[in-house]
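Reader: Could you walk me through some of the terms used for this model, and what stands behind each of them?

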Amino acid sequence: MEILCSYDEMLADYFEGRLSDEDRIEMEAHLSKCNLCRETLVAVNGVVRGQSRFQLEDAPKEVTEAAVCLINKQICVSCEPLIQRVRRFVIGMPFYKMLNSLYTKISEFFTTPWAGWRLAPIRGSERTISKDLINVRKRFNGIETEIEIEKTGHNKARIRVELPEYDTQKKKLRVTLKRDDREISSFLLNVDRVFFEDIPFGHYSLIFVRDDAKIGTYLFEIRETRHDG
Amino acid sequence: MKFSVEEDRQLLFRCFSGNRKATEILVRRFSDLVYRSVQYTLMNKQVSFNKYDLEDLHNTIFLRLFEHEYKRLRQYQGKNGCSLGSWIRTVAVRTVLDHLRKKGLDAMVWQKKLVPIEQAFGITQDEIEPLAAMKKEEQGHLLQDGIQSLSPRYQLFMQLHFDHELPVKEVAEAMQLSIEHAYTVKHRAIQKLKVYVAGAMNTEV
């Protein structure tokens, strides 16, 4: 998401009455011209003064902790050793991307859909409540994706698609879930992860499209499995 | 619990130094503020959402603050006494609005720019003939041009009151005016508009 204006602090100062006369005039001149800043002012006014209009909730603990983990993961990337930074730099170079793309195409041609699966441990110690969970990473045209399929109940599953590495290209990446030729749902991957909820068991494909061109397909089947006690 | 600007700066400095504990403190400290700002903005825009949307936007806002070695966070200065919380709230709201705009869900897109009937100079007919319709449209354009000719303060007032349909009281709050001053601004702006439109119509052949 691009944020076009950089008047955030000045806008907050204007709203809270801290600007000098000269700065206030400048800010009002900007606000009369900038739709985004004006809308932001209206919304901030509402957030501060209008909270009683709606029943707002505090962030659930797990949401906060998930954000903490995400941020720590992001910071870890910038703290990594030099050799890994060099590796990431090389991976980011166009020539490497082209070679990698060619390699991916060749290996996908020869690779069966379920190759590369690694089974996650079955969660839960009791037979009756254990949930099956599969987590797999696939790379399509240099874009790393993480696909997690979790059974959430009888004939029901949840599919999570995530982009583990921040990538500006992800703004244009779309993922579509299909059963045979029927489209179930489609999302634009402009945030870190998307969910397909309450998916019945069956054969599916996840199709990744960027700039109206298909860059990869992931085929899988969700079915009942026996759990030995 | 409120923190001073200096305390905010100290916390940021520790974050920028790579202190992971400071980063965690910052996220936990402002998580509720960001979450509530996202909720309110979406509700106010009458956009349907679920808890996953809230979580995604909440996390996206924090990621935007910290990415590229804290590029966004480093923009905070606090030079006029702006607290880190106030700044983060503004960033959070702006991010949500930008997200809605990109998804084409911005309710403003479908809002018509309404000119109240009392400003339409006496058009009260139930059936509007073609010539009268043209005249009405022309007056609408004149009004828009007239608003552009006002000083920034009056322009902003008119935009917030008429385009964003905020009541005078909320415009006064947003612009840090007393309610009496706000009504004075409104009255003067309308007077100026009337003079502008009348003058423009008199110069037409």
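**Terms and reasons**

Author: Happily! In this predicted model, 53 residues of chain A are in contact with 58 residues of chain B. Helix 1 (8–15), helix 2 (21–33), helix 3 (35–49) and helix 4 (61–79) of chain A are the elements that give two or more residues to the side of chain A that touches chain B. That side of chain A divides into 29 nonpolar, 11 polar and 13 charged residues.

Reader: Why is helix 4 of chain B called largely enclosed by the rest of the structure?

Author: A residue is buried if 20 or more other C-beta atoms lie within 10 Å of its own. In helix 4 of chain B, 16 of the 19 residues are buried, so the helix is largely enclosed.

Reader: How do you know that the span of helix 4 of chain B agrees with what is expected?

Author: At 1.5 Å a residue, the 19 residues (84–102) should span 27 Å, and the end C-alpha atoms are 27 Å apart, so the two values agree. After helix 4 of chain B comes B:Gly104, with a positive phi near 75°.

Reader: What makes A:Asn155 count as partly exposed?

Author: Buried needs 20 or more neighbours and exposed 12 or fewer; A:Asn155 has 13 C-beta neighbours inside 10 Å, so it counts as partly exposed. A:Asn155 lies in the loop between strand 3 (143–153) and strand 4 (156–162) of chain A, and has a positive phi of about 55° although it is not a glycine.

Reader: And why is B:Gln176 called partly exposed?

Author: Because B:Gln176 has 14 C-beta neighbours inside 10 Å, which lies between those two cut-offs.

How values were computed
Residues are numbered from 1 along each chain as its sequence is written. Chains are lettered from A and ligands numbered from 1 in the order in which they are written. This is a predicted model: local features need pLDDT of at least 70, side-chain atom pairs count only at pLDDT 80 or more; totals for chains, interfaces and linings use all residues. Two residues are in contact if their C-beta atoms, placed from the backbone, lie within 7 Å. Helices (H or I, at least four residues) and strands (E, at least two) are DSSP runs, numbered from the N terminus. Ala, Val, Leu, Ile, Met, Phe, Trp, Tyr, Cys and Pro count as nonpolar, Asp, Glu, Lys and Arg as charged, and the others, Gly among them, as polar. The expected span of a helix is 1.5 Å times one less than its number of residues.
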